Protein chains: 2
Amino acid sequence: MKKITMANVAEHAGVSKSTVSQYLNERFHYMSEDTKIRIELAIKELGYSPNSIARSLRQKRTSTIGVIVSNILHDFSTQVVRAIEDICNENSFHVIICNADDDPDKEKRYIEMLQAKQVDGLIVFPTSDNTELFQELIAAHYPLVFVDRVIEGVAVDVILTDNESALRLAVDSLVERGYKEISLITAPLIEHITPRGERKDGFYKAMNEQQITIREDLVHSVQLEEVQSVLSQMLADEVPPTALIAGNDRILQEILKQVQARGISIPNELAVLGIDDVRFAEFFNPPLTTVAQPTYEIGKKAAEILLHKIKEAHTNLDHQIYRLHPELKLRASI
Amino acid sequence: MKKITMANVAEHAGVSKSTVSQYLNERFHYMSEDTKIRIELAIKELGYSPNSIARSLRQKRTSTIGVIVSNILHDFSTQVVRAIEDICNENSFHVIICNADDDPDKEKRYIEMLQAKQVDGLIVFPTSDNTELFQELIAAHYPLVFVDRVIEGVAVDVILTDNESALRLAVDSLVERGYKEISLITAPLIEHITPRGERKDGFYKAMNEQQITIREDLVHSVQLEEVQSVLSQMLADEVPPTALIAGNDRILQEILKQVQARGISIPNELAVLGIDDVRFAEFFNPPLTTVAQPTYEIGKKAAEILLHKIKEAHTNLDHQIYRLHPELKLRASI
DNA sequence: CTGAAAGCGCTTACAG
DNA sequence: CTGAAAGCGCTTACAG
């Protein structure tokens with residue numbers, strides 16, 4: 001079966017390619033009913049389907065956007081992506097998803113790949129090492145939106161959780177219940193990744209507001225692999241923490257592994273509160289109290305802003321940081 | 001910033017477009033060192049990046065494959081997709097992922113969209129209502145591979161878990177531990193979806209081999225929303241089940257919700273075994289025994305077969321069903 | 001109301 | 001060793 005092209009349809013219907021093209025693009029202004037029917041029939045009989053590659057080349061747009069997530073293993077990413085897809089579907093846009101695995105080189109290659117594929121715009125959960133590349137894109141008025149992370153020196157719209165609020169919700173709900181020896185474990189700060197820093201800052205602020213003494217030995221920013229040992233160490237302390245805040249879903253999982261292995265009873269022996277409303281929170285034993293990020297809203301907003309930029313003839317360079325509000329999911333682990 | 005094209009580079013370097021194209025495609029056979037350097041420089045100075053849309057139009061291939069998953073909410077899908085991406089990356093292929101949400105219409109639209117985008121091949125977790133469309137693709141020698149589901153009348157390679165083995169592993173491990181009142185809950189069979197049917201068949205076979213009487217009132221194929229009521233009903237029975245097999249990850253979650261709500265103790269009051277090694281199995285309380293599908297191997301095999309077909313000049317129509325072996329993850333819930 | 005022609009940015013056989 | 005020319009399958013201004 002050879003590929004059927006517009007030329008074949010035109011010939012079969014006895015009209016010109018231009019007319020077929022008009023038909024496909026629903027520009028029926030002056031088209032006679034007869035022509036319309038003949039083209040419709042020809043398309044059906046030949047089983048024609050248009051080549052959008054050719055169309056994109058000519059039109060210089062692809063109706064496709066690219067999404068580069070920093071790490072697809074976080075539930076946060078999948079949920080945000082889901083929302084982006086919904087909004088794009090509604091607007092007849094397609095989405096290509098790439099996973100940078102928190103690797104700036106991979107991120108760079110994906111940006112180049114997506115540019116080569118002529119996507120109309122980009123939503124990125126950025127790493128912090130491609131600042132220059134991002135600046136170039138912005139200088140070229142290329143539609144770009146960041147999610148989750150603010151990069152210094154990159155003047156672009158960013159949509160993220162209000163991380164300080166998230167930690168205030170967490171700390172306040174623990175303090176209300178009388179917890180004082182509160183520990184926070186986040187991923188490493190060295191990489192200057194926004195949520196981590198903001199969550200730590202938020203933690204300090206909220207603790208101060210509650211006038212709880214912060215014990216520096218209970219605040220850790222470590223790699224996933226180190227969570228276990230940091231935790232063992234803290235639990236072996238003379239005055240161990242009575243409550244634990246997990247900075248994200250994967251840290252929470254590490255914590256729960258140890259809780260399980262040691263048979264620690266939640267919340268009697270240790271209260272556990274996670275940032276990110278993991279899927280198993282509801283039916284875990286006990287059900288886990290979490291702070292849910294507004295993932296759907298973040299994805300929705302990011303897609304809406306990006307599509308708006310794409311539709312504008314000339315993207316203006318205004319930009320803004322949108323902090324969306326998290327929600328406490330009070331369950332039984334604190 | 002205007003888009004730089006190959007013509008600009010050629011002019012800047014003082015050579016023809018053909019030569020630039022040769023350079024980009026690393027056909028250096030006869031190219032003088034001088035020319036090479038001039039082109040290299042021109043590319044850098046102008047910040048040129050090739051337009052792969054134009055390239056694809058000319059070459060009639062995109063080095064991109066499409067993947068249509070039946071339902072992205074299953075961990076199974078994400079894991080298989082991850083493997084597909086890895087293999088494609090290694091082979092410089094790109095992947096466009098679409099989620100059909102178990103909706104044949106959506107599936108059809110995605111197939112058409114991906115065809116329009118001229119993807120070089122398709123990996124599909126098929127619904128059973130687009131038989132004709134699939135047959136057309138095959139008749140046209142279009143590279144196609146199915147994952148997870150066999151569709152009657154569609155002669156194509158299928159990669160899936162050996163579902164009968166999966167249920168034999170499940171049943172045998174329960175029987176070994178003395179369980180006799182074993183219940184199975186799967187998703188509805190009406191849709192003729194392979195794993196569901198095979199798992200049920202596998203259950204019957206394994207139970208017979210073990211010479212355990214099958215109680216039909218403990219075998220259910222129901223919608224996700226009905227899992228709760230079916231379960232309540234069974235547990236209220238005079239002789240309630242002592243062990244429960246969840247046909248997939250989402251059914252398992254429904255079961256665990258009820259277990260949690262009623263404070264049922266696992267495995268003392270009820271043993272629970274899930275098909276699909278969910279991420280929380282390891283640190284759940286108690287850790288959950290599961291049968292893990294060989295997700296990575298399935299994705300890898302599917303991608304390898306598809307890429308092989310794409311590289312063959314003329315796809316032959318041989319086809320085969322590959323059943324890959326599942327693995328029992330023995331933990332503490334049985 | 002419809003068609004001929006140019007052009008999107010590449011690649012590739014062919015000529016020299 | 002390099003270039004001129006044709007063509008991939010569309011869209012679009014323009015002419016009639």
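**Exercise 1. Determine which atom of DNA strand C the side chain of Arg58(A) approaches, and set this beside other polar contacts of that strand.**

Solution. Step 1: an N or O atom in the side chain of Arg58(A) is 3.3 Å from a base nitrogen of DNA strand C. This is a polar contact, that is, a pair of N or O atoms within 3.5 Å; within protein, one must be able to donate a hydrogen and the other to accept it, and residues adjacent in sequence count only if both atoms are side-chain atoms.

The model is predicted: local features need pLDDT of at least 70, side-chain atom pairs count only at pLDDT 80 or more, and totals for chains, interfaces and linings use all residues. Residues are numbered from 1 along each chain as its sequence is written, chains are lettered from A and ligands numbered from 1 in the order in which they are written, and side-chain values use heavy atoms, with hydrogens and water left out.

Step 2: for Lys60(A), a polar side-chain atom lies 2.6 Å from a phosphate oxygen of DNA strand C. Step 3: Ala54(B) uses its backbone, from which an N or O atom lies 3.3 Å from a base nitrogen of DNA strand C.

**Exercise 2. Describe the protein surface near DNA strand C by residue, element and class.**

Solution. Step 1: 25 residues are around DNA strand C, where near means that a heavy atom of the residue lies within 4 Å of the strand. Ser18(A), Thr35(A), Lys60(A), Ser21(B) and Arg58(B) come nearest. Sugar and phosphate make up 67% of the strand's atoms that come within 4 Å of the protein.

Step 2: at least two residues each come from α2 (17-24) and α4 (52-59) of chain A and from α2 (17-24) and α4 (52-59) of chain B. Helices here are DSSP runs (H or I, at least four residues), as are strands (E, at least two), numbered from the N terminus. With four residues, α4(B) gives the most.

Step 3: the classes are eight nonpolar, 11 polar and six charged residues. Nonpolar covers Ala, Val, Leu, Ile, Met, Phe, Trp, Tyr, Cys and Pro; charged covers Asp, Glu, Lys and Arg; the others, Gly among them, are polar.

**Exercise 3. Carry out the analysis for DNA strand D.**

Solution. Step 1: of the 25 residues that surround DNA strand D, the closest are Ser21(A), Arg58(A), Ser18(B), Thr35(B) and Lys60(B). Step 2: α4(A) contributes the largest share of this surface, four residues. Step 3: its residues divide into eight nonpolar, 11 polar and six charged.

Step 4: towards the bases, a polar side-chain atom of Lys17(A) lies 2.8 Å from a base nitrogen of DNA strand D, and a side-chain N or O atom of Ser18(A) is 3.4 Å from a base oxygen. Asn25(A) instead places a polar side-chain atom 3.4 Å from a phosphate oxygen.

**Exercise 4. Explain why chain A is more spread out than a compact globule.**

Solution. Step 1: chain A contains 12 helices and 12 strands. Its radius of gyration is 26 Å, well over the 20 Å that the globule rule gives for 334 residues, so chain A is more spread out than a compact globule. The radius is taken over C-alpha atoms, and the rule is 2.2 Å times the number of residues to the power 0.38.

Step 2: along the principal axes, the C-alpha trace spans about 90 × 40 × 30 Å.
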